[in-house]
Each structure stands twice: as C-alpha cells, then as structure tokens.
Amino acid sequence: MNDNQGSPSRQAEPLGERDLAILAFENRWWQHAGQKEEAVRAAFGFSPTRYYQLLGALIDSPAALMHDPLLVKRLQRLRDTRQAARRARARNAD
C-alpha cells in the first residue's frame, strides 16, 4: 500500500514550461518596455485576463511555492491586499 496516495501532503505535481515561464516573467516583467499588459501579450500570446487567471491558480499551487517561495508569497500578499481593498470599497459603496 502506498502511503502517499490520496494524501494532502503528497508530492506536488512538477511545474510545466508555461508555469515556469509565468513565474520567471513575474520576476522580471518590469524590465520590459511599456505596460505589463503589452508585455504579457508579447511574451505569451494571450490576453492579460487569461494571464492573471493562470497566475492566480499558479500562486496557489504547492509546486510554485516550492519553486520560488519568496516570489509566490509576495504575489499572494499583493493579491490579498487588492482583494481586501475591493471588499472595503464595496462595503463603503453600500
């Protein structure tokens, strides 16, 4: 019997090339000329909306956290701060 099967602590799936490219991009996007949205389109060929969907899922993955814990934690903090600000604006608008 395999003790790791079905266990939440099971080894994380390895990151694919696209995931690694997204993390690398997040580490250096500010080096690109122009806006981040333009750089996303040029680097990946998809919309910024799709990029942020993929990034959001990626930073919640254990494999991404293992790959680059400082970057992933920073991105999670930024996301959490933006979500808290949106919630506060929504409460104030009521």
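**Exercise 1. Is Leu23 buried or exposed, and at what relative accessibility?**

Solution. Keep in mind as you work that this is a predicted model.
- Step 1: Find the residue; Leu23 sits in helix H1.
- Step 2: Compare its value with the cut-off. Buried means under 20% relative accessible area. Leu23 has 1% relative accessibility, so it counts as buried.
- Step 3: Look across the chain for a partner in space. Leu23 and Asp68 are 45 residues apart in sequence, yet their C-alpha atoms are 8.1 Å apart.

**Exercise 2. Describe the overall make-up of the chain: how many helices and strands does it have?**

Solution. Let's start with the secondary structure.
- Step 1: Count the elements; the protein chain has 5 helices and 0 strands.
- Step 2: Write them in sequence order, and the pattern reads α-α-α-α-α.
- Step 3: Add the burial. Of the 94 residues in the protein chain, 30% are buried.

**Exercise 3. Find the salt bridge of Lys36 and say which parts of the chain it links.**

Solution. Turn to the charged side chains.
- Step 1: Search the whole structure, which gives 3 salt bridges.
- Step 2: Pick out the one with Lys36. Its side chain meets that of Glu26, with an N to O distance of 2.8 Å.
- Step 3: Place both ends. Lys36 belongs to helix H2 (residues 36–44) and Glu26 to helix H1 (residues 17–28), so the pair links distant parts of the chain, 10 residues apart.
- Step 4: Check the surroundings; both Lys36 and Glu26 are buried.

**Exercise 4. Which residues are linked with Arg79 in a network of salt bridges?**

Solution. Follow the bridges outward from Arg79.
- Step 1: Take the bridge to Asp60, where the side chains meet at 2.9 Å, N to O.
- Step 2: Ask what this bridge joins. Asp60 lies in the loop between helix H3 (48–58) and helix H4 (62–67), while Arg79 is in helix H5 (residues 69–93), so the pair ties together parts that are 19 residues apart in sequence.
- Step 3: Take the bridge to Asp80. The closest N and O atoms of Arg79 and Asp80 are 3.8 Å apart, and a salt bridge needs such atoms within 4 Å.
- Step 4: Put the two together, and Asp60, Arg79 and Asp80 form a network of salt bridges.
- Step 5: Compare each residue with the accessibility cut-offs. Arg79, at 19%, counts as buried. Asp60 counts as partly exposed at 48%, and Asp80 is also partly exposed, at 40%.

**Exercise 5. Classify the aromatic pair of Phe25 and Phe44, then find the cluster around it.**

Solution. Now for the rings.
- Step 1: Count the aromatic pairs; the structure holds 5.
- Step 2: Read the geometry of Phe25 and Phe44. Their centres are 5.4 Å apart and the planes are at 75°. Planes over 60 degrees apart count as edge-to-face, and this pair is edge-to-face.
- Step 3: Locate the two rings. Phe25 lies in helix H1 and Phe44 in helix H2, so the pair ties together parts that are 19 residues apart in sequence.
- Step 4: Note that both Phe25 and Phe44 are buried.
- Step 5: Extend the picture; ring pairs link Phe25, Phe44, Phe46, Tyr51 and Tyr52 into a cluster.

**Exercise 6. Which residues form a positive surface patch?**

Solution. Finish on the surface.
- Step 1: List the members: Arg82, Arg86, Arg87, Arg89 and Arg91.
- Step 2: Look at one of them, Arg91, which is in helix H5.
- Step 3: Apply the cut-off. Exposed means over 50%, and Arg91 is exposed because its relative accessible area is 56%.

Methods:
Residues numbered from 1 in each chain as written. Predicted model: local features only at pLDDT ≥ 70, side-chain atom pairs only at ≥ 80, totals over all residues. Heavy atoms only, no water. Helix = DSSP H or I, 4+ residues; strand = E, 2+ residues; numbered from the N terminus. Buried < 20%, exposed > 50% of the residue type's maximum accessible area, 1.4 Å probe, protein only. Phe/Tyr/Trp six-rings, centres within 6.5 Å; stacked < 30°, edge-to-face > 60°. Patch = residues over 30% accessible without salt bridge, like charges linked within 9 Å, V, L, I, M, F, W, Y side chains within 5 Å. Areas by Shrake-Rupley, 256 points an atom, 1.4 Å probe, with all protein chains shown as cover. Lys, Arg positive; Asp, Glu negative; His and termini not counted. Charge placed at Lys NZ, Arg CZ, Asp CG, Glu CD.
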